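Open the model in your viewer and keep the selection tool ready. The stops below say what to select and what is found there.

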Amino acid sequence: MLFDDFHVHTSLSYCAEDPISARDYAEAIARGSLRRAAITNHGFALYFPEELAWSWRFMTDPSLFDEHLEWGNRRIVAHLEEVEALRGQGLLTGMEVEMMADGRLTVDPRIRNRLEVLVGSVHWLPSEGLEEPRILDLWMDHTRALVRTGIDILGHPLRWLSTQVPRLPEEAIGFVVEEAREAGVTIEINSHLVVGSDRAMLLEAVRRDVPITFSTDSHCLAEIGRFDYHRKLLDQAGLQPEDLRFWEPRRRSGATPAASAPSGPGRRRAASRAGGRKRRDTV
Ligand SMILES: [Zn+2]
Ligand SMILES: [Zn+2]
């Protein structure tokens with residue numbers, strides 16, 4: 001079975017490990033490695049210069065998002081034009097966004113209409129100095145709100161929490177799947193940085209009839225179209241692809257003219273920067 005991949009990155013994401021473009025995904029589709037791919041670069045990489053992006057300050061101070069809104073929109077519109085030109089070759093438009101302290105996502109609502117796939121993920125929360133029960137509360141409150149912002153897919157649902165606590169609390173799996181179900185959001189099985197609880201989460205999603213998507217979250221060329229982790233997980237769970245309800249995107253109506261902007265050198269600058277630098281973090 002050929003899978004869709006609704007969560008992959010290009011060099012516009014600062015954490016990309018190779019020079020990697022939308023065209024690389026179109027070529028992988030043509031080779032028969034995957035069915036379709038949604039290019040979902042990070043909202044925080046598209047809207048913020050690299051230093052600011054990695055500082056995560058925008059998460060607690062969303063006014064920084066407003067300050068960079070037009071700059072980011074110009075980069076995004078140029079990028080979307082590139083992806084839209086490859087639609088006939090199996091590419092879809094998208095973004096991977098986070099929810100800031102005021103509840104807004106790191107995407108201009110005017111751009112939102114133009115995205116066929118919106119992945120919402122937790123990469124950073126203000127957890128420094130907090131004890132484990134408070135970290136769990138923080139993550140639960142955030143996740144409960146995030147799935148209600150209009151995202152399609154909850155990206156790597158347990159990844160951040162699993163990096164914050166020595167042992168993932170059992171209740172976290174039931175919680176995240178039930179929140180997704182109530183909000184009509186899809187649960188993602190992500191192979192970029194795997195979490196030990198993926199099998200339990202997959203089984204729970206199937207049990208509660210929650211839509212599922214398999215993602216490689218590709219950050220480098222070698223990850224494109226590689227679904228061996230997902231196949232192994234299905235095997236271990238005793239499931240067939242037919243047992244899962246795979247999420248299917250709805251096509252959106254297109255951006256408002258206010259969000260249009262000419263393409264420009266930003267894209268080239270971002271691509272060369274990402275290609276030449278050491279990865280600061282992996283998200
Ligand atoms: Zn990602
Ligand atoms: Zn992510």
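Select Val77 first; it sits in helix α5, residues 63-84. Helices here are DSSP runs of H or I with at least four residues, strands are runs of E with at least two, and both are numbered from the N terminus. Val77 has 19 C-beta neighbours inside 10 Å, so it counts as partly exposed. The cut-offs are these: a residue is buried with 20 or more other C-beta atoms within 10 Å of its own, exposed with 12 or fewer, and partly exposed in between, the C-beta atoms being placed from the backbone. Now add Arg114 to the selection: 37 residues separate it from Val77 along the chain, and their C-alpha atoms are 9.4 Å apart.

This is a predicted model, in which local features need pLDDT of at least 70 and side-chain atom pairs count only at pLDDT 80 or more, while totals for chains, interfaces and linings use all residues. Residues are numbered from 1 along each chain as its sequence is written, and chains are lettered from A and ligands numbered from 1 in the order in which they are written.

Zoom out to the whole chain. It has 12 helices and seven strands, and 44% of its 283 residues are buried.

Next, show the strands. The seven of them form an open sheet in the order β1-β2-β3-β4-β5-β6-β7, with parallel pairing. β1 (5-8) and β7 stand at the edges with a single partner strand each, so one side of each has no neighbour in the sheet. Two strands pair if DSSP finds at least two bridges between them. For one such pair, select β5 (residues 153-154) and β6 (residues 186-190), which run parallel and are joined by two bridges. Ile153 has Thr186 of β6 as its bridge partner. Then add helix α1 (residues 22-31), which packs on the sheet and touches β1, β2 (37-42) and β3 (91-97); its direction makes about 155 degrees with that of β2.

Move to α10 (198-207), which precedes a loop leading to β7 (212-215). The axes of α10 and helix α11 (residues 228-237) come within 10 Å and cross at roughly 70 degrees. Axes are lines fitted to C-alpha atoms, for helices over the stretch in contact, and angles run from 0 to 180 degrees between N-to-C directions. The two helices, α10 and α11, are therefore roughly perpendicular (65 to 115 degrees). To see the contact (C-beta atoms, placed from the backbone, within 7 Å), select Asp198, Arg199, Leu202 and Leu203 of α10 with Leu233, Gln236 and Ala237 of α11.

Swap α11 for helix α9 (residues 171-183), whose axis comes within 10 Å of that of α10 and crosses it at roughly 40 degrees. That makes α9 oblique to α10, the term for angles outside the ranges under 35 (roughly parallel), over 145 (roughly antiparallel) and 65 to 115 degrees. Here the contact is made by Ile173, Gly174 and Val177 of α9 and Ala200, Met201, Glu204 and Ala205 of α10.

Two loop residues end the tour. Most residues other than glycine have a negative phi. Select Trp56, in the loop between α3 (50-55) and α4 (57-60): its phi is positive, about 60 degrees, although it is not a glycine. Trp56 is partly exposed because it has 17 C-beta neighbours inside 10 Å. Finally, select Asp209, in the loop between α10 and β7. Its phi is also positive, near 55 degrees, and with 9 other C-beta atoms within 10 Å Asp209 is exposed.

Conventions: Two residues are in contact if their C-beta atoms, placed from the backbone, lie within 7 Å.
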